[in-house]
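Visitor: I'd like a tour of this model, feature by feature. Could you show me how to read each one as we go?

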Amino acid sequence: MAVSSPAPSSLHVPMAAAALLGMLMMMSSAPEMKVEAAGGLSVGFYAESCPKAEAIVRDTVTKAFEKAPGTPADLIRLFFHDCFVRGCDASVLLESTPGNKAERDNKANNPSLDGFDVVDDAKDLLEKECPHTVSCADILSLVARDSAYLAGGLDFEIPTGRRDGFVSKEDEVLSNVPHPEFGAKDLLKNFTAKGFTAEEMVTLSGAHSIGTSHCSSFTNRLYKYYGTYGTDPSMPAAYAADMKSKCPPETAAQQDATMVQLDDVTPFKMDNQYYRNVLAGNVTFASDVALLDTPETAALVRLYAAGDPAAWLARFAAALVKVSKLDVLTGGEGEIRLNCSRIN
């Protein structure tokens, strides 16, 4: 099932974001060429070495999306969880080995992290087209960009040229990835440590406009708020009752597979409905509610909730590109893996 999204050229954007969106759209419509970017990355990095690379990745993501409309959310989350630990080096894709438990087996990632199969499918096709050329780290950035396009309708360029890392450690995940129970202070500390502003943090939180959550990630808010036997008072009664019907107490177990949509209104479309849900309290994670806890972040939530969805999408695209540049390996650093789940 495909989701109908507006074409990039039809997006209407308020003046505050028009320049940014115009720049992103100009880049997306230009002929493919190599454009240097900061940190050793460049737009069109594979223009000569593997000219069909980006088209192959987009086609792979599109086919997966048509079969499962939740694919974009899976891939964007996979991308974030990679970049926030050790940078965008595809360390999240590495499987555990004897003597080393990898990131993907941390409780923050297993069993909830998904989308590995889409990355593997793209890698297999790329190895046939251009052997030992396109990195798994670049595939992750491209699938995230393409997911935002498919779910939100905004097309934009993202620089490539990343190399794959050699290390993946399970015990590095929780200290780097934002937790669903974080308050405003912890969220800001986490994002600023990665070089992001409060505005970018609120903008990136809009990724929760799509996707699902395991009940175990928020049942404490339903049944044991701060160790009590009550429900988080910030959760509206009707929403709490709905979540309790979908997530009974037994779903609190870490390995329980029961899931709910993060946004019941437009579950497969990236838009500003998420921010309206935050204002109404109809969100699963404490970290979403926490965006209202400081004047600056609350003002941004209200701005995005009331504004044109295209304005938020343009800012989200810019923030996603910034995430893709976190602590990248380039040049002679790292390697180009032949198989994304293990080092060469």
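Guide: Sure. Let's begin with enclosed space: the largest cavity here has a volume of about 30 Å³. Keep in mind that this is a predicted model.

Visitor: Which residues line the largest cavity?

Guide: Leu-93, Arg-104, Phe-116, Val-119, Asp-120, Cys-340 and Ser-341 make up that lining. Sorted by class, the lining of the largest cavity has 4 nonpolar, 1 polar and 2 charged residues.

Visitor: How many cavities of 30 Å³ or more are there?

Guide: The count comes to 1 cavity.

Visitor: And open space? What volume lies in the largest pocket?

Guide: About 1,200 Å³. The largest pocket is lined by 47 residues, and the closest to its centre are Arg-77, His-81, Pro-180, His-208 and Phe-285. By class, the lining of this pocket splits into 24 nonpolar, 17 polar and 6 charged residues.

Visitor: Which element gives the largest share of the lining of the largest pocket?

Guide: That's α3, with 6 residues. Other elements that each supply at least two residues include α6 (184-193), β3 (212-214) and α11 (286-289).

Visitor: Where does the largest pocket lie with respect to domain 1 and domain 2?

Guide: Between them, because domain 1 (52-174) and domain 2 (178-323) both give residues to its lining.

Visitor: Next, helix packing. What numbers should I look at?

Guide: Two packed helices are described by the angle between their axes and the distance between the axes. Take α3 and helix α4 (residues 116-129): they pack at an angle of about 85°, with their axes 9 Å apart. Angles of 65 to 115 degrees count as roughly perpendicular, so α3 is roughly perpendicular to α4.

Visitor: Which residues meet where α3 packs on α4?

Guide: From α3 you have Thr-71, Leu-75 and Leu-78, and they meet Phe-116, Val-118 and Val-119 in α4. The contact of α3 with α4 has 5 nonpolar, 1 polar and no charged residues. You've already met Phe-116 and Val-119, which also line the largest cavity.

Visitor: What about α7 and α13: at what angle do they pack?

Guide: Helix α7 (residues 198-205) and helix α13 (residues 309-323) pack at about 105°, with axes 9 Å apart. This pair is therefore roughly perpendicular too. On the α7 side, the contact is made by Glu-199, Glu-200, Thr-203 and Leu-204. The α13 side brings several residues, among them Trp-312, Arg-315, Phe-316 and Lys-322. By class, this contact divides into 6 nonpolar, 1 polar and 4 charged residues.

Visitor: Last topic: the backbone. What should make me look twice?

Guide: Most residues other than glycine have a negative phi, and most peptide bonds are trans. Now look at the loop between α3 and α4, where Arg-86 is found. Arg-86 has a positive phi of about 70° although it is not a glycine.

Visitor: Which peptide bond is cis, with omega near 15°?

Guide: The one from Asn-110 to Pro-111. Pro-111 has its place in the loop between α3 and α4, which is also where Arg-86 is found.

Notes
Residues are numbered from 1 along each chain as its sequence is written. This is a predicted model: local features need pLDDT of at least 70, side-chain atom pairs count only at pLDDT 80 or more; totals for chains, interfaces and linings use all residues. Side-chain values use heavy atoms; hydrogens and water are left out. Axes are lines fitted to C-alpha atoms, for helices over the stretch in contact, and angles run from 0 to 180 degrees between N-to-C directions. Helices (H or I, at least four residues) and strands (E, at least two) are DSSP runs, numbered from the N terminus. Angles under 35 degrees count as roughly parallel, over 145 as roughly antiparallel, 65 to 115 as roughly perpendicular and the rest as oblique. Contact means heavy atoms within 4.5 Å. Ala, Val, Leu, Ile, Met, Phe, Trp, Tyr, Cys and Pro count as nonpolar, Asp, Glu, Lys and Arg as charged, and the others, Gly among them, as polar. On a 1 Å grid over the protein atoms alone, a cavity is a set of points where a 1.4 Å probe fits but cannot get out, and a pocket is an open set with protein on both sides within 12 Å along at least five of seven lines; lining residues have an atom within 4 Å of a point. Grid points are joined across faces, edges and corners, and a volume is the space filled by probe spheres set on the points. Domain bounds come from an automatic or database domain assignment.
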